[in-house]
Amino acid sequence: MTALLASLGLLAAGGCLALATARRERLTNGIVLGSLLAASLAGLSAALATIASGRTLSWQSPWCVPGGSFALGLDPLSAWFLVPIFVLAPLAGIYGTGYLRAWRGRKNLGASWFFFQILVACMVLVVVARNALLFLVAWEAMALVSYALVVFEDERREVREAGRTYLVATHLGTGALFVLFLLLGQPAGSLDFADLGPGAGSLTLLFVLALIGFGTKAGFVPLHVWLPEAHPASPSHVSALMSGVMIKTGIYGLLRVLTFLGPPPAAWGWALIAIGATSGVLGVLFALAQHDLKRLLAYHSVENIGIIALGLGVGLLGRSYDLPTMAYLGFAGALLHVVNHALFKGLLFLGAGAVAHAAHTREIDHLGGLLKRMPWTGATFLVGALAISGLPPLNGFASEFLIFSAALAGAVARGGAGAA
């Protein structure tokens with residue numbers, strides 16, 4: 001846990017120093033990049049070591065907040081979600097130092113970097129918190145600092161409206177999470193994750209609250225309304241971070257809460273499959289109707305979150321029907337797609353930012369002929385487009401194939417059982 005604590009400290013210190021040195025751009029950029037790289041290396045080493053060993057690490061410190069406990073833990077599930085955070089954050093930071101140069105002298109870039117660093121720290125804290133109150137504090141802080149990043153160009157009316165939509169949606173989701181954790185902690189009288197459980201409460205109610213609270217952040221249809229508004233309004237390196245990893249904290253939260261609820265009934269799996277299929281199909285249909293490049297990519301995030309939900313639903317059905325192969329492949333496909341989507345969606349949003357910066361427009365109809373002027377951007381964007389399309393041999397195909405294989409294995413096993 002020492003490396004992870006050092007990572008959190010570096011992110012917080014780097015953000016504060018960036019705020020303090022805002023008038024000295026080169027120094028600020030050096031502090032931001034140095035702290036991001038050092039924090040990411042430290043955190044990534046801890047995450048990969050935990051995944052390799054399968055061990056669970058914990059750390060706890062006294063906290064004067066009533067009902068709260070500053071308890072942190074690192075197990076393979078948390079470590080898996082830390083990997084895309086610590087991979088994409090420094091890449092987005094490197095990109096952002098050049099991207100924000102256009103606002104030099106017009107915006108407080110030190111404040112923007114402060115919020116960026118704190119956003120990364122909050123995402124890390126969300127996936128390692130082991131107390132519900134600490135989790136909710138980190139969750140709320142993540143929402144507020146990401147709002148500040150979304151409204152970076154607050155002089156534009158559409159940006160302010162996008163920020164308000166995001167703020168309302170995320171707080172509605174947080175309200176559902178407050179009720180969820182109160183119900184989970186009531187039987188034991190404790191908000192520590194180790195003590196949470198359904199008790200005598202309605203499992204269906206708890207599952208629905210988790211779907212609303214975490215599904216709003218993840219972007220499940222119909223809770224996705226903020227996503228296609230906020231991502232186009234944000235600076236491109238922020239869009240990459242939010243779409244690539246922040247929305248995945250909703251997937252993490254849903255998975256973590258499922259571990260508190262015991263064996264899942266089949267209805268939960270079917271519900272996630274229905275949500276995933278709806279999000280996947282509608283995400284693609286809405287994307288096809290877009291003319292703004294970043295808005296198109298935002299709707300594709302809705303689609304890919306739907307693919308992850310499909311994998312989770314298939315995995316839950318595998319557990320419910322006692323089909324280990326179906327469960328393993330479903331969960332494996334969903335978790336692999338969490339990382340894969342972070343990689344290719346981060347690449348696509350950064351590419352879109354480069355295009356918008358060079359062409360001064362995001363209207364797809366006006367972007368013809370850019371490949372000759374921007375061959376490297378065009379080549380990398382093509383790779384990301386092929387990956388998000390699920391074409392072999394790229395990473396999007398691998399995770400989607402695992403989910404398909406899980407569904408096929410389940411159908412064959414259930415069909416064979418029915419025939420027998």
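**Figure 1. The largest nonpolar core of the predicted model.** This core has 105 residues, and L82, F135, F181, F214, F220 and I251 are the members that touch the most others. Helix α4 (residues 109–128) supplies the largest share of the core, with 14 residues. A second core, separate from this one, has 17 residues, including L297, Y299, L348 and V355.

**Figure 2. Surroundings of F181, a residue of the largest nonpolar core.** Beyond four places in sequence, F181 touches A132, F135, L136, L191, F193, L196, F214 and V257. Among these contacts, F135 and F214 are listed with F181 as core residues that touch the most other members. F135 and F214 also take part in the contact between helices α5 and α7, which is the subject of the next view.

**Figure 3. Packing of helix α5 (residues 132–150) on helix α7 (residues 203–218).** The two helices pack at an angle of about 35°, and their axes lie 13 Å apart. The crossing of α5 and α7 is left-handed. From α5, the contact involves F135, W139, M142 and A143; from α7, it involves G213, F214 and K217. By class, 5 of the residues in this contact are nonpolar, 1 is polar and 1 is charged.

**Figure 4. Packing of helix α13 (residues 324–359) on helix α15 (residues 375–388).** Here the angle is about 145° and the axes are 9 Å apart. The crossing of α13 and α15 is left-handed. On the α13 side the contact consists of F344, K345, L347, L348, G351, A352, A354 and V355. On the α15 side it consists of T377, T380, F381, G384, A385, A387 and I388. The residues of this contact comprise 10 nonpolar, 4 polar and 1 charged. Two of the α13 residues, L348 and V355, are also named in the second nonpolar core.

**Figure 5. G346 and L350, two buried residues of helix α13.** G346 belongs to α13 and counts as buried because its relative accessibility is 1%. Apart from residues up to four places away in sequence, G346 touches L88, A240 and H341. The C-alpha atoms of G346 and M242 are 9.0 Å apart, although their positions lie 104 residues apart along the chain as a sequence separation. L350 is also placed in α13; its relative accessibility is 15%, so L350 counts as buried. With the same exclusion of residues up to four places away, L350 touches Y95, S236, H237 and A240. A240 thus appears in the contact lists of both G346 and L350. For L350 and R106, 244 residues apart along the chain, the C-alpha separation is 22 Å.

**Figure 6. H237 in helix α9 (residues 236–246).** H237 has a relative accessible area of 1% and is therefore buried. Leaving out neighbours within four places in sequence, H237 is in contact with A92, Y95, G96, Y99, L100, W113, F116 and L350. L350, from this list, is a residue of helix α13.

**Figure 7. T97 in helix α3 (residues 76–99).** T97 counts as buried because its relative accessibility is 12%, below the 20% cut-off. Its side chain reaches the backbone oxygen of I94 at 2.7 Å. Outside the residues up to four places away in sequence, T97 touches N29, L33 and W113. W113 is also one of the contacts of H237.

**Figure 8. Two cis peptide bonds, at P222 and P393.** The bond from V221 to P222 is cis, with omega near 10°. P222 is found in the loop between α7 and α8 (227–233). The bond joining P392 and P393 is also cis, and its omega is about 5°. P393 lies in the loop between α15 and α16 (395–419).

**Figure 9. Positive phi at D322 and H360.** D322 is not a glycine, yet its phi is positive, near 60°. D322 is found in the loop between α12 (293–320) and α13, and with 61% relative accessibility it counts as exposed. H360, likewise not a glycine, has a positive phi of about 60°. H360 is found in the loop between α13 and α14 (370–373). Its relative accessible area is 71%, so H360 is exposed.

Definitions and conventions:
Residues are numbered from 1 along each chain as its sequence is written. This is a predicted model: local features need pLDDT of at least 70, side-chain atom pairs count only at pLDDT 80 or more; totals for chains, interfaces and linings use all residues. Side-chain values use heavy atoms; hydrogens and water are left out. Axes are lines fitted to C-alpha atoms, for helices over the stretch in contact, and angles run from 0 to 180 degrees between N-to-C directions. Helices (H or I, at least four residues) and strands (E, at least two) are DSSP runs, numbered from the N terminus. A crossing is left-handed if the near helix is turned anticlockwise from the far one by less than a right angle, and right-handed if clockwise. Contact means heavy atoms within 4.5 Å. Ala, Val, Leu, Ile, Met, Phe, Trp, Tyr, Cys and Pro count as nonpolar, Asp, Glu, Lys and Arg as charged, and the others, Gly among them, as polar. A nonpolar core is a set of buried Ala, Val, Leu, Ile, Met, Phe, Trp, Tyr and Cys residues joined through side-chain atoms within 4.5 Å. Buried means under 20% relative accessible area, exposed over 50%, partly exposed in between (1.4 Å probe, protein chains only). A polar contact is a pair of N or O atoms within 3.5 Å; within protein, one must be able to donate a hydrogen and the other to accept it, and residues adjacent in sequence count only if both atoms are side-chain atoms.
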